[in-house]
Amino acid sequence: MSKIKTGLWSRTPKLLKLAVTAVASEVKEKVMNLEGAKLIQERVLFAKKMAEQLGDLKGAAMKVGQLLSLDAGDFLPPEALEVLQKLHKSAEPIDFAIIEEQLKNELKEKRNLFKINPEAFAVASIGQVHLASYNNEEIILKIQYPDVEKTIPTDLKMLKFVLSHGSSLMQKSIDLDPFFKELENTLMQETDYALEAHYLERAGFLFKDDSRFLVPKIFPEISTRRVIAMEKMQGRTIAEWLKSSPSKEAREEIGKNLFELFMLEFFSFGFVQTDPNPGNFLITDDRQIVLLDFGATKDYDQDFRTHYVTILRAAYANDYEEVLKCSQDFKLIDPRESKETCDIFVGMMTSLIQPFRENKPFAFTDHEYYKDSKRYAFEITKSCKHSPPPEKLIFLHRKLGGIFQFLKQLNIELNLHEYWLKHFETRPL
C-alpha cells in the first residue's frame with residue numbers, strides 16, 4: 001500500500017461498499033437459511049472482506065474493525081474472529097518511503113541519531129511500528145501515518161450519517177452528537193503522541209512500586225507529536241502466551257492481575273487506559289504484565305466515580321427506583337423513555353452486576369451470562385427512543401468488556417464478590 005486515503009470522496013465508497021456487503025451477507029444467511037459449516041464459511045468470507053477494506057483505509061475505519069474483533073467474540077465463529085483479530089497486528093503496512101519522510105519532517109536532523117528497520121514490526125490503525133537502534137539499545141518507534149487525523153472526521157461523519165438515518169427510520173429521536181463527540185475526541189487524542197508519552201510516564205510512576213506491571217520508558221529527545229520512541233519490552237502477547245499451555249495457576253495469576261489492573265486504574269488512580277486491544281499487553285517469563293499503549297487514556301474524577309458506584313450499588317441491591325433515578329441523573333437513560341424501556345434498562349443493570357453478587361467463583365466462559373448480556377443489549381437498543389449510547393461510559397465499559405474477554409480466553413474462574421467488597425461495598429462515597 002502506498003498511502004492512506006484521507007478525503008471524504010475517496011473513503012466513502014469503500015465504507016458504503018462495506019455496509020452493502022454486510023447487508024447482503026445478512027440477507028443471504030436468512031434467505032438461504034444457512035447453518036453449520038456453510039454459515040461459518042459465509043461469515044468468514046465477510047470477515048475477510050471487512051478486514052481487507054478496513055485495514056486498507058487505516059484511521060478510524062480500521063479502529064472500528066479492531067473494536068468489532070473485541071466486541072463480536074460471542075456471536076462470530078472463531079474462524080471469522082481470527083480474521084478480524086489480524087487487524088490488531090497484521091494489516092497491510094504502508095510504503096516505508098512514506099514512513100521515512102514522516103520521520104524526517106518530524107525529527108529534522110535528529111533523524112540521523114538512530115537506525116531503523118524498514119520492515120514494519122506492527123501495523124496499527126493510526127500509526128506503524130518499527131524496530132530501531134538508538135544509543136546501542138533496541139527501541140520501538142511508533143510513527144503516525146501522514147494526515148491520519150484527517151480521516152477521523154471523515155469516517156465518523158459517514159458513520160453518523162448511517163446511524164442517524166437508521167434512528168429516523170426506526171422512529172427514534174436520539175441525539176447522537178454527544179456520543180460522536182466523545183468518540184471523535186478519543187480518536188483525535190490517540191493522534192497526539194506527545195500526550196501519550198506523558199501518559200506513559202505517568203503510568204510508569206503510578207506502577208513503579210507494583211512488580212506485577214511494567215511500563216516502557218520513553219525517549220523524549222526523539223519523540224514528537226507524531227513520533228514516539230520507547231523502550232522495547234520483552235514478552236509475549238496473551239494469545240502467544242496461551243499457546244505455550246501455561247498452568248491453571250499461571251492463568252489464574254495473570255487473570256487476577258488483569259482484573260486488578262482495571263480496579264486500580266479506575267478506583268485508585270482515576271486514570272484508565274481504555275483500549276483493550278490485546279496487542280497493548282505482553283506477558284513476561286516472570287508473569288509480569290507489560291502495559292504498552294496509553295493513547296486512549298482517560299481521567300475519571302472523584303465525582304464521576306462516586307455517581308458510577310452509586311448506580312452499581314443500587315443495582316447490586318436490586319433497588320429499581322434508585323437505579324433508575326441515579327441513572328437518569330447520570331444521563332444514562334432519558335426520563336422520556338417508556339416504562340417498558342426502563343424495566344429493560346434496570347433488568348440489564350442488575351443482570352450485569354450478578355457475577356459480583358454471588359460469593360463463589362464466576363466462570364468467564366459462562367455462556368448464559370453472555371447470552372443474557374447480548375439479549376439485554378439488543379432489547380435496550382431496540383426499545384430506547386430518546387437515550388443515545390452513554391458517551392460517559394462507552395470507553396470505560398469497552399475496557400472492562402475487553403478484560404472479561406481476556407479472562408474468558410484464559411478459561412479461569414474468579415470470585416468477583418471479593419472484588420466487590422474491596423472496591424465497591426466498603427469504598428466511601
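User: Where does Ser245 sit, and why is Ser245 called exposed?
Analyst: In this predicted model, Ser245 is in the loop that runs between helix 9 (238-243) and helix 10. Its relative accessible area is 61%. The cut-off for exposed is over 50%, so Ser245, at 61%, counts as exposed.

User: What is said about the phi of Ser245?
Analyst: Phi of Ser245 is near 55°, which is a positive value in a residue other than glycine. Asn318 also has a phi near 55°, again positive and again in a residue other than glycine.

User: Okay, where is Asn318, and what makes Asn318 exposed?
Analyst: Look in the loop between helix 11 (302-316) and helix 12. Asn318 has 53% relative accessibility. Exposed takes over 50%, so Asn318 counts as exposed with its 53%.

User: Back to helix 10. How do you know that its length agrees with what a helix of 22 residues should span?
Analyst: Helix 10 covers residues 248-269. At 1.5 Å a residue, its 22 residues should span 32 Å. The C-alpha atoms at its ends are 30 Å apart, so the two values agree.

User: Where does helix 10 bend, and what follows helix 10?
Analyst: The bend is at Met263, by about 25°. After helix 10 comes Gly270, with a positive phi near 60°.

User: Why are helix 12 and helix 13 called roughly perpendicular?
Analyst: Helix 12 (residues 320-329) and helix 13 (residues 339-352) pack at an angle of about 100°, and their axes are 10 Å apart. Angles of 65 to 115 degrees count as roughly perpendicular, and about 100° falls in that range, so the label fits helix 12 and helix 13.

User: Which residues make that contact?
Analyst: From helix 12 come Tyr320, Val323, Leu324 and Ser327. Helix 13 brings in Lys339, Cys342, Asp343, Phe345, Val346 and Met349.

User: On to strand 3. What makes Gln128 buried?
Analyst: Gln128 is in strand 3 (residues 127-134). Its relative accessible area is 1%. Buried means under 20%, so Gln128 is buried at 1%. Its contacts, leaving out residues up to four places away in sequence, include Pro93, Ile94, Ala122, Leu141 and Tyr145. A polar atom of the Gln128 side chain also lies 2.9 Å from the backbone nitrogen of Ile94.

User: And why is His130 called buried?
Analyst: His130 is in strand 3 too. At 0% relative accessibility, under the 20% cut-off, His130 counts as buried. Not counting residues up to four places away in sequence, His130 touches, among others, Phe96, Ile116, Pro118, Phe121 and Ile140. The side chain of His130 also reaches the backbone oxygen of Asn117, at 2.8 Å.

User: Arg111 is an arginine in a loop. Buried or exposed?
Analyst: Buried. The loop in question is between helix 5 (96-107) and strand 1 (114-116). Arg111 has 11% relative accessibility, and buried means under 20%, so Arg111 makes the cut. Arg111 touches Glu100, Leu103, Lys104 and Ile116, with residues up to four places away in sequence left out. Its C-alpha is also 7.9 Å from that of Ile222, though the two are 111 residues apart along the chain.

User: What about Arg226: why is Arg226 called partly exposed?
Analyst: Arg226 is in the loop between strand 5 (213-214) and strand 6 (227-231). Its relative accessible area is 24%. Buried stops under 20% and exposed begins over 50%, so 24% lands in between, and Arg226 is partly exposed.

User: What joins the side chains of Arg226 and Glu106?
Analyst: A polar contact of 3.5 Å. Glu106 is one of the residues Arg226 touches, and others include Gln102, Gln144, Glu149 and Tyr193. Arg226 and Thr191 are 7.1 Å apart, C-alpha to C-alpha, while 35 residues apart in sequence.

User: Last one: what makes Glu137 partly exposed?
Analyst: Glu137 belongs to strand 4 (residues 137-144). At 26% relative accessibility, Glu137 is not under 20% and not over 50%, so partly exposed is the label. Beyond residues up to four places away in sequence, Glu137 touches Ala132, Lys217, Phe219 and Glu231.

Definitions and conventions: Residues numbered from 1 in each chain as written. Predicted model: local features only at pLDDT ≥ 70, side-chain atom pairs only at ≥ 80, totals over all residues. Heavy atoms only, no water. Helix = DSSP H or I, 4+ residues; strand = E, 2+ residues; numbered from the N terminus. Buried < 20%, exposed > 50% of the residue type's maximum accessible area, 1.4 Å probe, protein only. Contact = heavy atoms within 4.5 Å. Polar contact = N/O pair within 3.5 Å; in protein donor to acceptor, adjacent residues only side chain to side chain. Expected span 1.5 Å × (residues − 1). Bend = angle between axes of the 7 residues up to and from the residue. Axes fitted to C-alpha atoms, helices over the stretch in contact; angles between N-to-C directions. Parallel < 35°, antiparallel > 145°, perpendicular 65-115°, else oblique.
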